[in-house]
Amino acid sequence: MAVLVVAAHDNKAVRTNVANAVTAAGQMGSDVAVLVAGKDCGEAAKSAAAIAGVAKVLQVEDAAYANWLAEDLAPLVVKLAPNYSHVVMAADSVGKNLAPRVAALLDVGQISEAIQVVSPDTFVRPIYAGNAMATVQSADKVKVVTVRPTNFKAAAGGGQDSASAAIEQIGGEGGKGLSSYVGAELSKSERPELTSAKIVVSGGRGMGSGDNFKILEALADKLGAGLGASRAAVDAGYVPNDYQVGQTGKVVAPDLYIAVGISGAIQHLAGMKDSKTIVAINKDEEAPIFQVADYGIVGDLFQIVPELTAAVDKK
Amino acid sequence: MKVLVAVKRVIDYNVKIRVKADKTGVETANVKMSMNPFDEIAVEEAIRMREKGAATEVIAFSAGPAQCQETIRTALAMGADRGILVQTDAELQPLAVAKLLKAAVDKEQPGLVIVGKQAIDDDSNATGQMLAALLGWSQGTFANKLTVADGSIEVKREVDGGLENIKLKMPAVITTDLRLNEPRYASLPNIMKAKKKPIETLAPDALGVDVAPRLKVLKVEEPPKRKAGVKVKTVAELVDKLKNEAGVI
């Protein structure tokens, strides 16, 4: 049966993790349809149509969907759901907000943050901050699933010549008037987005201050890396909340993860232990981070980081 | 305005969990249990609202085995006024808990429900959103700051790109994120006082809620272990390994 992927987007394009969700969806059913709802989201619909494996794009133009309010979007997804065996979303802040509301309205359970599709009704998902893996089976008629993007390879994007999926315009359900969007305070950064960066440099409490993150910024810029942090660094106000890597923050799986001044609480490890290569820089040789690191250096990060920045080639 | 908070009894966040040898779940016998940390934040926020005069009463709700009384007592010791326990030994999944919470909301008619965004055991991040759906209420998830105004509440939310502000019509369901507040410790006199606060115990049947799990857990396993690597002495050695051994820079 067909699978519906609900795509988050910025009107110009769908988020990059939609390509990962499409791959996961393709393992659950045959035809993958992508829902792109918003106001003036035609370009985003085109970007979804260009993703390999997408059979159809449903584009909905309705001002009510401009800001991703779950109260307004959920009824739209619920109306479409009976035509599909699965409703799939990436487990990001949009998917985590919307998908459970959809599931409850459908009176079905939710499979949260699946990391593997065993069969169309069976999934593997991490529990206890990834310290255990549960294999769960759903008997519900429609399966509402959020998927962890880093565990599914991104479906190829269509080039200029690739055949695009058909885009079908459908009507919206209007707004419910329960909630309204006021504004956003988004972090501005030229660096790669944390969850899709090939290299991530993260700082912890050991950085000592927000100002000291400058030495990590210099290293990140030299490597073309994204910048992350542990919960301790975010709670201390060194960096904004969207830098947080961990159980309840972002989950990253880059080729290279450099943990600087991070002790390695299990909650932090939950967000980065799928990284291909992990480097730990910490003055405490007993720090748990060294138990998961491929390469560790014990020493003063304020000496080591600038030295490392000087030693690596500019990307 | 009454505020209802939901508190879950979970394995303490400091405990290193062990998967049972028969793969049916995680070992909970003789393991320290505590209130889910996100729920402590929910309790704290509700108490602050009452202290500021925005709320009149704080009700702590839990669902699960008899020992959840202790979790409710912790909320009462922090300052909640009374408790409701839906007692059952059945496995409870988020949809079932949301339905039990809805029954409690129908009875108590709070103006606001505050729950943790996620429980640190099953990591589902679903109950609050599900409750809002069942009630037809607005939802303010991953809250970083709450401002109650006349008949509405402004919620600053932690989202992927930073922070977002939304305005919700009340009644509403809020789910807490880490930076909403720092929960207080219960003082000894307040722990003593909490022993006298009332807890009402109900059965799921009495509320007319079917709590049967929707997801069948086939097995629970250890994740693949990551092996500790090597310690290097110098930055030059590190760069060499990253280039020539790992091939990542």
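In this predicted model, the two chains share an interface in which 87 residues of chain A are in contact with 74 residues of chain B. Put in terms of surface, about 6600 Å² is buried between chain A and chain B, and carbon and sulfur atoms account for 54% of that. Three residues stand out on the chain A side: A:Tyr128, A:Glu185 and A:Tyr295 supply 11% of the area that chain A buries against chain B, more than any other three residues.

Charged and polar groups play their part here too. There are 8 salt bridges between chain A and chain B, one of them linking the side chains of B:Lys243 and A:Asp313 at 3.1 Å, N to O. Polar contacts between the chains come to 47 residue pairs, counting pairs with both residues at pLDDT 80 or more. As for what chain A brings to the side that touches chain B, helix α4 (residues 93-105) gives the most, with 9 residues. Sorted by class, that side of chain A has 40 nonpolar, 25 polar and 22 charged residues.

Strands also cross from chain to chain. Strand β8 of chain A (residues 132-138) runs antiparallel to strand β12 of chain B (residues 215-221), and 6 bridges join the two. Within this part of the picture, A:Ala134 sits opposite B:Val220 of β12(B).

A second meeting of strands is an open sheet of 6 strands, with parallel pairing, that reads β13(A)-β12(A)-β14(A)-β15(A)-β16(A)-β13(B). At its edges are β13 (226-229) of chain A and β13 (230-231) of chain B; each has a single partner strand, so one side of each is left without a neighbour in the sheet. Further in, β14 (residues 256-260) and β15 (residues 277-282) of chain A run parallel and are joined by 5 bridges. A:Val260, for instance, has A:Ile281 in β15(A) as its bridge partner.

Helices from both chains pack against these strands. From chain A, helix α5 (residues 213-223) lies across β12 (199-203), β13 and β14 of chain A, and its direction is at about 175° to β12(A). From chain B comes helix α6 (residues 235-244), which packs on the sheet and touches β14, β15 and β16 (295-298) of chain A as well as β13 of chain B. The direction of helix α6 of chain B makes about 170° with that of β16(A).

Conventions
Residues are numbered from 1 along each chain as its sequence is written. Chains are lettered from A and ligands numbered from 1 in the order in which they are written. This is a predicted model: local features need pLDDT of at least 70, side-chain atom pairs count only at pLDDT 80 or more; totals for chains, interfaces and linings use all residues. Side-chain values use heavy atoms; hydrogens and water are left out. Contact means heavy atoms within 4.5 Å. Buried area is the accessible area (1.4 Å probe) that two parts lose on being put together, summed over both. A salt bridge is a side-chain nitrogen of Lys or Arg within 4 Å of a carboxyl oxygen of Asp or Glu. A polar contact is a pair of N or O atoms within 3.5 Å; within protein, one must be able to donate a hydrogen and the other to accept it, and residues adjacent in sequence count only if both atoms are side-chain atoms. Helices (H or I, at least four residues) and strands (E, at least two) are DSSP runs, numbered from the N terminus. Ala, Val, Leu, Ile, Met, Phe, Trp, Tyr, Cys and Pro count as nonpolar, Asp, Glu, Lys and Arg as charged, and the others, Gly among them, as polar. Two strands pair if DSSP finds at least two bridges between them. Axes are lines fitted to C-alpha atoms, for helices over the stretch in contact, and angles run from 0 to 180 degrees between N-to-C directions.
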